[in-house]
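Please open the model in the viewer and keep the sequence at hand. The tour proceeds by selections, each followed by a short account of what is found there.

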Amino acid sequence: MTMVLIFLHTFWGILFFHGCETRHWWEIVAVVLTHLLVSGLTFFNPLYVSSLVPAYLLMVATAAWAYLLSGGSAQNLRRFLLCLRSGTTPQLGS
C-alpha cells in the first residue's frame, strides 16, 4: 500500500499541476476526489484485498492519464513494451 500511495502522489502531482496550468478545474477536483477515495479505502485494511486491488487499479488509471498529459502516446508506449526501435515493426515468428 505504501508503494501505491507513493506512485499515486507522483501521478496526482502531475495531474494537479496540469489542471492548474491549463485551468481545467475538473482535473483538480478529480485529484482531490480520488485522494479521498484511496484514503477511505484504508478503512478496509483488515480486508487487505478490498483496499489494495482498487488502489492498484486507480494507480494504473492515473498513471496512464498522467503519461498522456505529459506528452506520451499510445504508440510510444507500445514500442517500449514490445522493445522496438523507432521505425521498426514487430516480426511474427522471430
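Helices in this tour are DSSP runs of H or I with at least four residues, numbered from the N terminus. The model is a predicted one.

**The core**

Begin by selecting Val4, Leu8, Trp12, Val38 and Met59. These residues have the most contacts inside the largest nonpolar core, which has 13 residues. Colour α1 (2-22), α2 and α3 (48-69) next, since each of these helices supplies at least two residues of this core.

Now centre the view on methionine 59. Which residues is methionine 59 in contact with, leaving aside its neighbours within four places in sequence? They are Val4, Phe7, Leu8 and Phe11.

**The loop between α1 and α2**

Move to arginine 23, which lies in the loop between α1 and α2. Its phi is near 55°, a positive value in a residue other than glycine. Most residues other than glycine have a negative phi. Is arginine 23 buried or exposed? Arginine 23 counts as exposed because its relative accessibility is 63%, and the cut-off for exposed is over 50%.

**The surface of α2**

Select leucine 33, which is placed in helix α2, residues 25-41. Leucine 33 has a relative accessible area of 52% and is therefore exposed. Add Val29, Val32 and Leu36 to the selection: together with Leu33 they form a nonpolar patch on the surface, with about 370 Å² of accessible area in total. In soluble globular proteins, by contrast, nonpolar side chains tend to be buried together.

**Residues 46-69**

Select residues 46-69. An unreviewed UniProt entry lists this range as "transmembrane region". In the predicted model, the chain over residues 46-69 is 92% helix and 0% strand. The C-alpha atoms at the two ends of this range are 35 Å apart.

**Helix α4 and what follows**

Proceed to leucine 77, whose place is in helix α4, residues 74-81. Leucine 77 is partly exposed, with a relative accessible area of 37%. Show tyrosine 67 as well: the two residues are ten places apart in sequence, and their C-alpha atoms are 9.3 Å apart in space.

Then select the whole of α4. How many of its eight residues are buried? The count is zero, and the helix is hardly covered. Buried here requires under 20% relative accessible area.

The last stop is cysteine 83, which follows α4 and has a positive phi, near 55°.

Technical notes
Residues are numbered from 1 along each chain as its sequence is written. This is a predicted model: local features need pLDDT of at least 70, side-chain atom pairs count only at pLDDT 80 or more; totals for chains, interfaces and linings use all residues. Side-chain values use heavy atoms; hydrogens and water are left out. Patches are made of residues with over 30% relative accessible area and no salt bridge: like charges are joined within 9 Å, nonpolar side chains (Val, Leu, Ile, Met, Phe, Trp, Tyr) within 5 Å. Accessible areas come from the Shrake-Rupley method with a 1.4 Å probe; for residues, only the protein chains shown count as cover. A salt bridge is a side-chain nitrogen of Lys or Arg within 4 Å of a carboxyl oxygen of Asp or Glu. Buried means under 20% relative accessible area, exposed over 50%, partly exposed in between (1.4 Å probe, protein chains only). UniProt positions are given in the numbering used here, feature names are shortened, and annotations may be inferred rather than shown by experiment. A nonpolar core is a set of buried Ala, Val, Leu, Ile, Met, Phe, Trp, Tyr and Cys residues joined through side-chain atoms within 4.5 Å. Contact means heavy atoms within 4.5 Å.
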